Amino acid sequence: MGVEGGMKCVKFLLFFFNFIFWICGLALIVLGILVQLGLHKNMMIKDASASGVPIVLIAVGVVIFFIAFFGCCGAWKENYCMVTTFAVFLSLIIIIEIAAAIAGYVFRNKVSAVVQDSLTDMITNYNNSTEEFRESVDRLQIDLKCCGVNSSSDWRHYKPEGNSVPDSCCVNVTTNCGSGIMTDTTKVHQLGCHDAMEAFLKKNIQWVIVGALVIAFLQIMGIVFACMLMRGIRSGYEVM
């Protein structure tokens with residue numbers, strides 16, 4: 001006997017929320033892949049610890065993807081065991097996400113140090129690297145309107161005379177615009193890329209927080225609906 005009345009509504013709500021979870025899981029997988037590619041292609045970060053965030057995103061996304069599919073099947077088939085398993089796994093996911101958030105806060109300074117070291121390596125290896133590598137560094141400086149790690153003076157070894165920067169540091173980028181103007185504040189960006197990246201992250205962190213709260217709300221509602229459906233299914237069994 002299937003669930004009836006209000007429980008039928010809960011069943012379809014749980015199915016709908018699981019479909020949203022499925023989309024969120026897929027989005028996390030894509031986001032994790034994009035972040036991983038961005039860190040290691042555009043920024044050329046070598047520190048393995050920098051991969052922690054994208055790997056966690058991908059892992060959580062994969063788990064949510066399969067758990068949501070499991071929850072959809074359980075809700076549609078009104079299977080008590082599948083719905084119970086879904087609720088338990090989703091509760092574990094929330095605990096893991098809380099632990100990841102705490103770990104991210106505790107090791108926030110480590111991330112800043114990794115970015116600092118990676119940017120320093122990028123500048124040090126700029127002249128002896130591939131064309132693709134130099135284009136990545138140039139694109140970073142153009143996009144963030146920054147120059148060097150902490151300031152344009154970080155490029156003092158870029159050329160023998162010690163007063164030139166890559167053209168990507170120029171306010172108006174043209175060929176050879178960076179020659180002999182390292183300290184010219186009207187022609188060269190003086191803000192370091194480390195500070196520029198921190199400013200960019202602080203500017204956009206609110207959207208990350210909003211996204212996290214929305215996902216957390218959906219997960220909690222999923223657990224609530226799952227528990228309600230479990231109760232309805234059990235009641236149906238008792239009637240039988």
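1. A surface patch, as the term is used here, joins residues with over 30% relative accessible area and no salt bridge, nonpolar side chains being linked within 5 Å. In this predicted model, Val 88, Phe 89, Leu 92 and Ile 95 make a nonpolar surface patch of about 360 Å². Val 88 lies in helix 3, which spans residues 80-106. The relative accessible area of Val 88 is 45%, so this residue is partly exposed.

2. The interior also merits comment. The largest nonpolar core has 24 residues, and those touching the most other members are Leu 14, Phe 21, Ile 64, Val 83, Phe 86, Ala 226 and Leu 229. Two or more residues of this core come from each of helix 1 (6-42), helix 2 (52-77), helix 3 and helix 6 (193-239). Helix 6 gives the most, with seven residues.

3. Val 83 illustrates the packing within this core. Apart from neighbours within four places in sequence, the contacts of Val 83 are Leu 14, Gly 74, Ala 75, Ala 226, Leu 229, Met 230 and Ile 233. A second, separate core comprises 23 residues, among them Ile 123, Phe 133, Ile 181 and Met 197.

4. The model holds three disulfides. Counting bonded cysteines along the chain, their pattern is 1-6, 2-3, 4-5.

5. The sulfur atoms of Cys 146 and Cys 193 are 2.0 Å apart, and the two residues form a disulfide. The torsion about this S-S bond is about 85 degrees, so the disulfide is right-handed. The bond links distant parts of the chain, 47 residues apart: Cys 146 is in the loop between helix 5 (131-144) and helix 6, and Cys 193 is in helix 6. Both cysteines are buried.

6. Cys 147 and Cys 169 form a disulfide with sulfur atoms 2.2 Å apart. This link is right-handed, with 85 degrees about the S-S bond. Both cysteines sit in the loop between helix 5 and helix 6, 22 residues apart. Cys 147 is buried at 0% relative accessibility, and Cys 169 is buried at 0% as well.

7. In the disulfide of Cys 170 and Cys 177, the sulfur atoms are 2.3 Å apart. The torsion here is about 110 degrees, so the disulfide is right-handed. Cys 170 is buried at 2% relative accessibility, and Cys 177 is buried at 16%.

8. Which cysteine sulfur is nearest to that of Cys 72? It is that of Cys 73, 6.8 Å away, and Cys 72 is in no disulfide. Cys 73 is likewise in no disulfide. Cys 72 counts as buried, at 13% relative accessibility, whereas Cys 73 counts as partly exposed, at 24%.

Terms used
Residues are numbered from 1 along each chain as its sequence is written. This is a predicted model: local features need pLDDT of at least 70, side-chain atom pairs count only at pLDDT 80 or more; totals for chains, interfaces and linings use all residues. Side-chain values use heavy atoms; hydrogens and water are left out. Patches are made of residues with over 30% relative accessible area and no salt bridge: like charges are joined within 9 Å, nonpolar side chains (Val, Leu, Ile, Met, Phe, Trp, Tyr) within 5 Å. Accessible areas come from the Shrake-Rupley method with a 1.4 Å probe; for residues, only the protein chains shown count as cover. A salt bridge is a side-chain nitrogen of Lys or Arg within 4 Å of a carboxyl oxygen of Asp or Glu. Helices (H or I, at least four residues) and strands (E, at least two) are DSSP runs, numbered from the N terminus. Buried means under 20% relative accessible area, exposed over 50%, partly exposed in between (1.4 Å probe, protein chains only). A nonpolar core is a set of buried Ala, Val, Leu, Ile, Met, Phe, Trp, Tyr and Cys residues joined through side-chain atoms within 4.5 Å. Contact means heavy atoms within 4.5 Å. A disulfide is a pair of cysteine sulfur atoms within 2.5 Å.
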